[in-house]
Structures are given as C-alpha cells and as structure tokens.
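Please read the points below alongside the sequence and the model, taking each residue in turn as it comes up.

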Amino acid sequence: MKQLVIKLLQKELGLSQKEIENLIEIPPRSEMGDFSFPCFSIPKKLADAGFPAPTNKNPTAIAQDLAKKITKSKSKKIEKSIATGPYLNFFIDKKFLAKEILKNSLEKDFGKNIQKPAKKIVIEFSQPNTHKAFHVGHIRGTSIGESIARIHEFNGFKVTRLNYHGDTGMHIAKWIWAYQKFHKDEKIISDEKWVAGIYTDAIKRLADNEDLQEEVDTINQKLEDKSDKAITELWKKTREFSIKSWDKIYDELNTKFDKHYFESEVELEGKKVALKLLKDKIAKKDDAIFMDLKEYNLGVLVLLRKDGTVLYSAKDLALALKKADEFPANEYLLTIGDEQKHYFNQLEKTLELMKFKKAREYNILTFGMVRFPEGKMSSRTGNNILYSEFIESVKKIAKDGLILRSDKQNDPTIDEKALTIAIAAIKYSILKQEVSKNIIFDPSKAIAFEGDTGPYLLYSYARANSITKKVTSKVKVSFDNLEPQELKLLKKINEFPEIVKRAQENQAPNLIANFSYELAKIFNEFYHACPVLGNKSEGLRLEIIKSFKNTLEKSLDLLGINVLEEM
RNA sequence: GCUCCUGUAACUCAGUCUGGAUAGAGUGUCAGCCUUCUAAGUUGAAAGUCGCAGGUUCAAAUCCUGUCAGGAGCGCCA
C-alpha cells in the first residue's frame, strides 16, 4: 500500500523511491489519512536532485498542487489525497486496505525481516555466579538477552545462547572461608537462601575486620591450585547447588542455553593468556600483571594479582578466545549490567591490542540496574529479593485472580496458568522499559495486573480466543461496511513488521513490548465496539481476530512470554 | 577530578536514534458502562514551564553547546 503512494509521488516528483519512502509517515490520527507526505523539504530535495526548483516554495502550496495533480492520475486503490496544511494525506481505499493487511498478516512469515545469507550471532547473557543469590535484578539481564535472541531468530539469524558463571575466584574463597570459620556446624543444604546467606555473612565480617582478608587470600590460593582436598570438595558440592537451582529458573523464564561456561574452566587458560601478554610486552608488571590502557582513556586493567592468582579479567580474555573457537559467528553480543561497561570496554581494547581476529565482532549491550526506591539491590549485602521468593508471591496473586474470576476452582492447570501470568507480568514490566534505564522496583507495590501490564496482554488474547473457539461453521467474509475500529486494528497490525525491524536494529525489546500493548488496547476497543458472533460482519471480524491473535502471539513470543488460550 | 547512563502529568513510564500536525499511556482521583462474545475490560473528565539556559532550523521533548540534579564506573570483587 505504501508502495502505491510512493509510486504516485515518484511519478509527480521524480525523486528516488528511497527518498520518498523516508519522508512518508503515518499521521498522528487516523482521521487525517492512512499515509502522509510532508512537503517542507521538497524544494530543497528537488534542487539537490538537479530538477528545476518549483516556482512556489511554500510547502502548503506544494501540497495543494500535488493533491490536484495526483487526483487526476490517481488509481482506484487510493480513495483520495488531500492537502492538510503542508501535509499531503492519502486515504487508501478501505476495502483494498483491509484485504491487503489481512492477507499479509495471515502469512506464515508475517513480520519477519529476513536477511540473506543467514548470519550467526552468539549472545551471552544472564551470567549469575554460584554461591550468590539469583535475585530480581538477574531477571532483567535474562529477559533482555532472551528477547534479543528471539528477535534475531525471528529475523532468520542463527542464534547461539551462552551463559557464563563465576564459580571460582575471590567471591567463592570468601564463601568457603566464612563457612569453614563460622558455619562449620551447619548442615550443607541446597537452599538458595542459606547459600546466599553465607556469602553476605562473609562480606559483613570482612568489612568489620579488614585483616581477615589474608585468611581469605590463602583459601583463594588453595582453591585455585586445588592443593587442599577439603576446600576442593566443599567447592564442588556447593557449586552444584547453585547450578541445579538455575534449571528451574531458566525453565520458568522460557530460556534455554546452548552452553554454560564456567570461570573454573578458563582459569588456567586465562593465566596463560596473561603471561603471554606480558611476554609479548603488551601487558606490564609491577606488583601485579596489568594492561596499561591510559592512553586510550581506559585506565588500568589488572590481569593477575600480586600473589599470582588469576583475576576475572584474564579469565574473560580466555573465554572470548574459547567462544570464538567453539562457535564461529558474525557477531558476539554480550549483555551486561551498566556498571560493567567500563570494564568490558577495557576488555575489548585488550582483545584488540592482542590482535585477536574477532575483536571487532565483540559488541556489548548494557542495561541499567533494577533498584529499590531507597537504593541498590545487591548479592553482596543481601539487600535483594530472591527470584524464588519473588516468583512465588507473584504467582500467588495471579492464582488468587484466577480463582476469583473463574467458577472452575478445580482447574488442574491453574498453577501452570498462574505461572504463565506471573512470568508475563514480571517480564513485561521489565521489557517495556528502555534497556539503558534504571528500573525502580518497589516491593510494596509488588507487580501490577491491570492497565499496561503483562496480564492485560494475556487477557486480551484469551478474550479473542474465547470468541474464535465458539465458532463452529465457516462464515463468508465480506468487506462491505468496514467500521473505523476494524480498520484501526488492522492498521496497527500492519505496523508489526516495521517494529520488529527496528527492535532488532536497535536491540530494543521495549519497542515490541510497547507495540504489544498498543495492539491489545486497540483490540479491546474493537471488542467493545464490534460484536462478532451473529453479526452481519461476523466473517470479516473473525478474520481480523485471527490476525490479531497471530500478531499478538508472535509479538509476545519475541518477549519470551507465552500466551494463554483461556484465563 | 574524569567517563558513561538518566531527567517528560502527583507516581511509574512511552515518544528522542531518523526534528514535523493538538506531547501520549498506565496507576491514582472524579463521573459513567456487565439480562449481549471473559469487567485482569471499556467510555469520559481533571492533571504537563518535556530539569534549566543558549544555539541550529520554516519547525526542537527530539539535533548541538553549556549548566544543574540523580544513578553508575574509574588497579588487584565479578
């Protein structure tokens, strides 16, 4: 449809298709038309393209002039073109518009923006550490990474999902130290809260007495060289607890990783890389081994401690090499918290300086923190809300809601439904916001279920479904008597491909989330204005609902949210 | 001190990349709508110096410069 408008304008103006396409916009209100062509820049554009400048440079006059000319040569598919001030507004023939959109939107690949040949992208995200809490803040990175992965997959990319976990290093040494020294008599149990509690206790005790750090350093040495059997065994056992606890979390969050990397497996290699960098005079040594990046305004990156033990930085370098080796790809995307941006910039620069071939294919996407109204959420201090506790409380609200609204209290799928609703509520509330922004998470307000929320979207879908499932026989589709609400919904559906494209280009799941909400909102308006079953437009309306369901389901899928057929 | 992110209605946020028509939602407040396909819904009202000051432009929430405020980071945590 847009192409029709472009062609018409091209014929009159002689400008390139691309130039005209870039100018065309959708008017802010649908009464104004279906497409709009602003005429402000036309005189300049024409002059630049080498055409004689129009005698009248007034954009309003140009719009009127164009409207006149186009009226003469217009096709049947364009109902009218009207100059409104400096805008030339096009009204597409309603029947044609509705037919086209329905046809396109019901195609299998609707919305996909497939570029060939298919590219490979490796996305690393989530990255929780063992022995520390998986808290509400971790949900953000996981949701964003998964959504970006899905958006790329949808657009034909070959996507590899990677996860990387800190299962060794100083934070583990602290855990082991605190356990051995203060909690030895406690039974080692696979309980997230208990495990995370030992860690926060370690942080607290070390803050109280800095001299104790020497004891931790000793344990860190032993942890790294595996010389102390008791420490190694304790480490292995407790490490498993965290790893096992993630299975359920990722399953609930609709995420599945192709591979989990662990710090412990790149420890040796990381040390080697650091020593090689020193040997090649790329790294420097004083009491520690480090990269001097001051000339790039990136400060200093320490690779090995003064006692020779390896730091996260060296391990990350080794990981970058390993990833590139095991998963050849066109791009390596790292989804990380904002607070680590500086560090990853240092890492990228180091990869570049060590002449790593794929250095330029490494990109980072940083997201803001999830914080409490009064401050930061942290695994170190224990000032956080554990994922497991949080999900249970949201699930409870969802379940109560289901019971309240349904006469089927004994629905065997009620827990499953409650989980889907809870995940939708949580993920949507996170993903609808811009990636770079900090999110204020107010536990007292918990999570909303009404208005611009995940449950609202699921509800809209279930509502649409409850109509379609009542239909038994096929009804003829007629495009006569099109109502404004029907057209409005179809036009919104029609925006989906463009949204998907922009979401991928900008790595912005929030665009998909915002679109989903607008789509559902318009559907609900349609739902109230246009009765379906038994109506003379039943056939058409059923098709529109089918198209809506299709589009919303795809859209939510890109956010990693499942729909419910009934709720 | 330097670097990055953010500042839009009482609150939480869209819109900023790619300047364009009357700056949009949700929550909360007020007034309506369930004998009709699911009221987690819908209709309407009230609510805004787009942090501030300059600049560019026919046109600025959007671009540029400065400035203020909040958050984060800046050598042996990850």
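**Notes on the model**

1. To begin with one supersecondary element, β10, helix α13 (residues 341-353) and β11 form a right-handed β-α-β unit, where helices (H or I, at least four residues) and strands (E, at least two) are DSSP runs numbered from the N terminus, and where right-handed says that, with the strands pointing away from the viewer, the path from the first strand over the helix to the second runs clockwise. Strand β10 (residues 331-337) and strand β11 (residues 362-367) run parallel and are joined by six bridges, two strands being called paired if DSSP finds at least two bridges between them. Within this pair, Leu-334 stands opposite Ile-364 of β11.

2. This is a predicted model, in which local features need pLDDT of at least 70 and side-chain atom pairs count only at pLDDT 80 or more, whereas totals for chains, interfaces and linings use all residues. Residues are numbered from 1 along each chain as its sequence is written, and chains are lettered from A and ligands numbered from 1 in the order in which they are written.

3. As to confidence, chain A has an average pLDDT of 93, with 98% of the residues scoring at least 70; pLDDT is the predictor's confidence in each residue, on a scale from 0 to 100. The model has an ipTM of 0.96 and a pTM of 0.95.

4. Chain A contains 20 helices and 13 strands, and its C-alpha trace spans about 90 × 70 × 40 Å along the principal axes. Of its 567 residues, 39% count as buried, a residue being buried if 20 or more other C-beta atoms lie within 10 Å of its own, exposed if 12 or fewer, and partly exposed in between, with C-beta atoms placed from the backbone. Among the contacts in chain A between residues at least 6 apart in sequence, 75% join residues at least 24 apart, a contact being a pair whose C-beta atoms, placed from the backbone, lie within 7 Å.

5. Which residues are closest to RNA strand B? They are Ser-36, Phe-40, Gly-166, Gly-169 and Gly-451, out of 78 residues that surround the strand; a residue is near a molecule or strand if its C-beta atom, placed from the backbone, lies within 6 Å of it. Helix α19 (residues 509-529) supplies the largest share of this surface, eight residues. By class, the surface near RNA strand B has 33 nonpolar, 24 polar and 21 charged residues, where Ala, Val, Leu, Ile, Met, Phe, Trp, Tyr, Cys and Pro count as nonpolar, Asp, Glu, Lys and Arg as charged, and the others, Gly among them, as polar.

6. In a regular strand the side chains alternate between the two faces of the sheet. Strand β1 (residues 35-38) shows such an alternation, with Phe-35 and Phe-37 buried and pointing to one face, while Ser-36 and Pro-38 point to the other and are not buried. Strand β3 (residues 87-92) pairs with β1 in the antiparallel sense over four bridges, and Asn-89 in β3 is the bridge partner of Ser-36.

7. Phe-526, which is found in helix α19, is buried because 24 other C-beta atoms lie within 10 Å. Leaving aside neighbours within four places in sequence, Phe-526 is in contact with Gln-485, Glu-486 and Leu-489. Phe-526 and Phe-35 are 491 residues apart along the chain, and their C-alpha atoms are separated by 22 Å.

8. Trp-235 lies in helix α10 (residues 229-252) and counts as buried because it has 24 C-beta neighbours inside 10 Å. Beyond its neighbours within four places in sequence, Trp-235 is in contact with Ile-172, Ile-176 and Leu-223.

9. Some backbone details deserve a check. Ser-126, in the loop between β4 and α6 (136-154), has a positive phi of about 80 degrees although it is not a glycine, and Ser-126 counts as buried because it has 27 C-beta neighbours inside 10 Å. Lys-281, in the loop between α11 (263-279) and β7 (284-285), has a positive phi of about 60 degrees, again without being a glycine, but Lys-281 is exposed because it has 7 other C-beta atoms within 10 Å. A cis peptide bond, with omega about 0 degrees, joins Lys-116 and Pro-117, and Pro-117 is found in the loop between α5 (94-105) and β4 (120-124).

Key
Two residues are in contact if their C-beta atoms, placed from the backbone, lie within 7 Å.
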